Amino acid sequence: MAGRPRFLCGVVEGFYGRPWSMEQRKLLFQWLKRWGLNCYMYAPKDELKHRLLWREPYTEHEAACMQSLIEAAQEQGVEFVFAISAGQDMVFSSAGDRLLLQQKLRQVAAMGCHSFALLFDDIDPCMCQADRDVFPSLAQAQASVANEVYRELDQPSIFLFCPTEYCSSLCSPSPSQSCYLLTLGQELLPGISVIWTGPKVVSQELSATLLEEVEGVLQRRPIIWDNLYANDYDCRRVFLGPYTGRAPGLMPRLRGLLLNPNCELQANFIPIHTLGSWFRSELGSCAHSDHAGKETAAALGDSQGPQEGSYSPQEALELALHDWVAEINRQALEPAVSMQVPEGLPPCSFLPGGRTPGQPSISLKGGTRLQPSTAGGQEVMPDAQPHDSVPSVADQDGPEPCSVAPGEGRKKVTSEPEKGSESRTPTGGRQSPTGDGDQLTTGSRESCEPSSALPSTAGSAQSTGTSVATETLHSPGPPMCCSNGANTSQNLPLPTSDARTGGGSSPQPPSSTQTEVSRADMPPKPPGPGACTSPGPPAPLTDEVGASPGPTAPLTPEETGSSPMALLTLEEAGSGPTVLLTPKEARTSPTAPLTPEEARFSPMASLTLGEVQMLVELFYLPYHHGPLAQHLLEHFRWLRANSLSVGVPATAPDDCEGMQWRGRAQSFQLLCAQTCRLHSHFVSSASRALLYDLHPYLWDIRNMLLAASAFVLWLDGHLLCDPDPKGTWGSCFGWCQSITAPILLGGDAEPWARRGGLFGELQALLPVGNSCDLFCHPPPLFPSSQLYLLHPLLPPDKGELYRMCQESLNCDPKVAEILAAYPDLLGDRLLGSFLSLSPEYTFVLEDEGGPCGYAAGALCAEGFLQQRDSSWLPAMRHKYPRDLGAGAPALGQDALEEALLFFHTEPPAVPLPVLRRFPSLVQLGTAPRVLDVGASRSLAICLLSALRANGSRGVFCQVSAADQQQLSFYSKLGFVALPVAWGISPGARLLGRLL
């Protein structure tokens, strides 16, 4: 080949988990062409015939699919590299294995593929005895196989080799002294390029110095397999930030760079878009040097965006944000299209798609049951559109976008897309993550069984107050203390007794969805070769409370004053608290999101630039949080560290510290409300392909912020300031931190050690944060907009909760007549003792219809039960005569009799060992309409956190042994059955959980 071979830059589908579908890959090829990239490597780890069954040739149908894919890449000018991973069980000295490998690659070559890769990553470095008898080292065995295959394929111009030691951290003792790499450098034929990932599997930076060292050892320029965006090692993380962390001028040291992206294709718009900007910048910087090769001029002529000067991740992100907003809203306006197999092409099986105290039980309307510990999730047959459809091949082809002038890449992000931005909108059909007809039954990265299939047609709702962010987000420092004699009363958006009529202050109602996509918590697994993360404006993942991130784009002084993320001053916090609207009030708000039906025909439903930017900042990069995520963490860390200033009794005589804490808490509430509203609007506005790719992650964050926001509201006035630090707030967090990995990680840790990303760090800041993995419920399968509000108990809540209990009972007119005369009977039975004796540990869940759930607890169960038996139960016996429920059997009669039996029967004593080991009592209840298990989980998190914060080391509850739904829910919260009997009902089971 005359001159230097062209630089390969594009994407490698090299992650673990369910591979992309054919149609998703064809959409990817369009993206690659549009953004000036030129290469795609087919290397899905869990495609059977790529790795596990590599010896098996493709069937006729499978070969037709592969050939179609190769031709689609070639039509877009994308180099298709077919990779095979044979190292797991290959006998290098076996002539039979060598022949099978060569036959497999020749079969693909006959389909029109001209570029290949042989991968030996993530395998056992020990050879079998047969190989040890022939080869002195693993490197010589692998080099022998690679050289033979390379010659058999007539020495193709692109032949890549991935070594077993593919990054510096895997080399012993270092790359320059690794016998394995030195041998490969000497033994591999010169035409074979070697894959490298950088200092680590997921490298934070790539430097010319390191690449120079690797080039010297391998005796050739490496090709980078970049895992900056790989998320297959943590099912709670996805990365949407800009490509960054690579020093300028790397191209002369490299043969190419391939990005191993997120498992979810739709999440890769900005990563691949900004990679294209980086590539064009690198080409431009060496356009007048001998290193660029003959393809530079042509590559520059076909690309769009800035072409001169050094690469700026910030400018690349701004350009990508504009294009992604336009693409999201364009896809949302398209009707759903069912998957159609191209005419004449049979279905394939090897190219899968993407993600595919004793309490009674009361009968409810419709045959369901309300139980004190029932926590969301009724089994309902969905009437929603199937989620496994993807567009036809023809639907993927859209008009080519207009090119962008170089100057446009440097425009600032504004609150709305500019006129004419649609002309730069990348074209791509919608993709379903659940795949198409040509699916292989490989293991999915999301193998959790969904708790239920729960569709909902309820529209989203959003509260008034601050509008959804549509500008670049930035947060100034903490408020100054004690200015202008601000009101010293509680200035958080805490609800008051008249909050429901708009006359008092209350927290912003977070929005919610209630749909379920099955997702599993996989064990951390390195994503294969890959490297890189971002230094730059975003804030690194640090544990300092005062760490301050750089904003995605700086605000002007005028914009800062109106920024929704700006921290409130003390005057604002004292004189203008945020009013909490109920979900029903928020529904009628002019700023509330539309229902899905309304959104389908209304341009007002489109996601704004600010909302998409918020989404990116929540899920930024593996080593760096975006500004919004960092602000949330900073506020929560500060509020946690200074929470004693608003405890009981107050520690600040002049209440100065309390005022500062409440101002900071109000800012945190606003950020939580904005993020929850983003979730609601996203569900009602995004296309189905994007929704299914990103909803599980956003749902997780919404649930955690819903709980954290309510917990912060609870802290003010409920936290016990015990002078003895044993077991209360201070030691609680010290105990949590001692076993929470992200707090103690060193700077060289791989990102999979930071489990959960923003979700994990927020949960680690809660008193029960040490048990992250116990709060593991699969997200909703059918995303829909639903608004929930979670807050501590308010004075008006008791009556509404009692009405919820009574109205949910499906009963005979005779029983209804009794309940009309005694309207508090069922409410007193279910939660009256908690509201009377322990109201400070009660949280209420609301939706548009009012309260729909509660979580109640007692810090000292022994004292609570003694007081209940000595004073509360006698009052109930006087209030409700024993013969009140006498009569013939009737609908609802059993619930009535059970309640009276509870009031008039001497309750059994709880075994003393239980009270010593599990000193607190808890109870959860939700109405049947609460189908989102995430809302119930948030209720549980709030209650357990409140009890743990005030020193509890364990909780217990009672459920019916026949209620499998309750048992399953509690088991996922870490509760286990206790080997004791307690309660009036013979079928009751006592469950306990340590805190």
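Pro 911 is partly exposed, with a relative accessible area of 22%, and this proline sits in the loop that connects helix H27 (893–904) with helix H28 (912–917). The structure is a predicted model, and the points below take up the surroundings of Pro 911, a seven-stranded sheet, a buried strand elsewhere in the chain, a bent helix, the aromatic pairs and the cysteines.

**The loop at Pro 911**

- Although Pro 911 and Val 980 are 69 residues apart along the chain, their C-alpha atoms are separated by 7.7 Å.
- The relative accessible area of 22% at Pro 911 places this residue in the partly exposed class, because buried would require a value under 20%.

**The seven-stranded sheet and its helices**

- An open sheet with mixed pairing is formed by seven strands, which follow one another in the order E15-E16-E17-E18-E19-E21-E20.
- Strand E15 (789–792) and strand E20 (976–977) stand at the edges and have a single partner strand each, so that one side of each is left without a neighbour in the sheet.
- Helix H23 (residues 797–807) packs on this sheet, where it touches E15, strand E16 (842–847) and strand E17 (850–858), and the direction of H23 makes about 105 degrees with that of E17.
- At the E20 edge, the pairing of E20 with strand E21 (residues 988–994) is antiparallel and extends over two bridges, with Val 976 standing opposite Gly 992 in E21.
- Helix H29 (residues 933–949) lies across E15, E16, E17, strand E18 (920–926), strand E19 (954–960) and E21, and it runs at about 160 degrees to E18.

**Strand E5 and its neighbours**

- Strand E5 (residues 158–162) is mostly covered, since five of its five residues are buried.
- Ile 158, Leu 160 and Cys 162 point one way from E5, while Phe 159 and Phe 161 point the other way, and all are buried.
- In a regular strand, side chains alternate between the two faces of the sheet.
- E5 runs parallel to strand E4 (residues 115–119), to which it is joined by five bridges, and Cys 162 in E5 is the bridge partner of Leu 119.
- E5 also runs parallel to strand E6 (residues 193–196), here with two bridges, and Ser 193 in E6 is the bridge partner of Leu 160.

**The bend in helix H26**

- Helix H26 (residues 861–879) bends by about 45 degrees at Arg 868, a residue that is itself buried.
- The buried residues of H26 also include Ala 861, Phe 864 and Leu 865, together with Trp 872, Leu 873 and Met 876.

**Aromatic pairs**

- The count of aromatic pairs comes to 27.
- In one of them, the ring centres of Phe 711 and Trp 714 are 5.7 Å apart and the ring planes stand at 15 degrees, so this pair is stacked.
- Both residues of this pair, Phe 711 and Trp 714, belong to helix H19 (residues 688–715), where they are three residues apart, about one turn of the helix.
- Phe 711 is buried, with a relative accessible area of 1%, and Trp 714 is likewise buried, with a value of 0%.
- Elsewhere, ring pairs link Phe 29, Tyr 40, Tyr 42, Tyr 58, Phe 80 and Phe 82 into a cluster.

**Cysteines**

- Zero disulfides are found in a search of the whole structure.
- Cys 128 is partly exposed, with a relative accessible area of 33%, whereas Cys 942 is buried, with a relative accessible area of 0%.

How values were computed. Residues are numbered from 1 along each chain as its sequence is written. This is a predicted model: local features need pLDDT of at least 70, side-chain atom pairs count only at pLDDT 80 or more; totals for chains, interfaces and linings use all residues. Side-chain values use heavy atoms; hydrogens and water are left out. The bend at a residue is the angle between axes fitted to the seven residues ending there and the seven starting there. Helices (H or I, at least four residues) and strands (E, at least two) are DSSP runs, numbered from the N terminus. Buried means under 20% relative accessible area, exposed over 50%, partly exposed in between (1.4 Å probe, protein chains only). Two strands pair if DSSP finds at least two bridges between them. Contact means heavy atoms within 4.5 Å. Axes are lines fitted to C-alpha atoms, for helices over the stretch in contact, and angles run from 0 to 180 degrees between N-to-C directions. A disulfide is a pair of cysteine sulfur atoms within 2.5 Å. Rings of Phe, Tyr and Trp (its six-membered ring) pair if their centres lie within 6.5 Å; planes under 30 degrees apart count as stacked, over 60 as edge-to-face and the rest as tilted.
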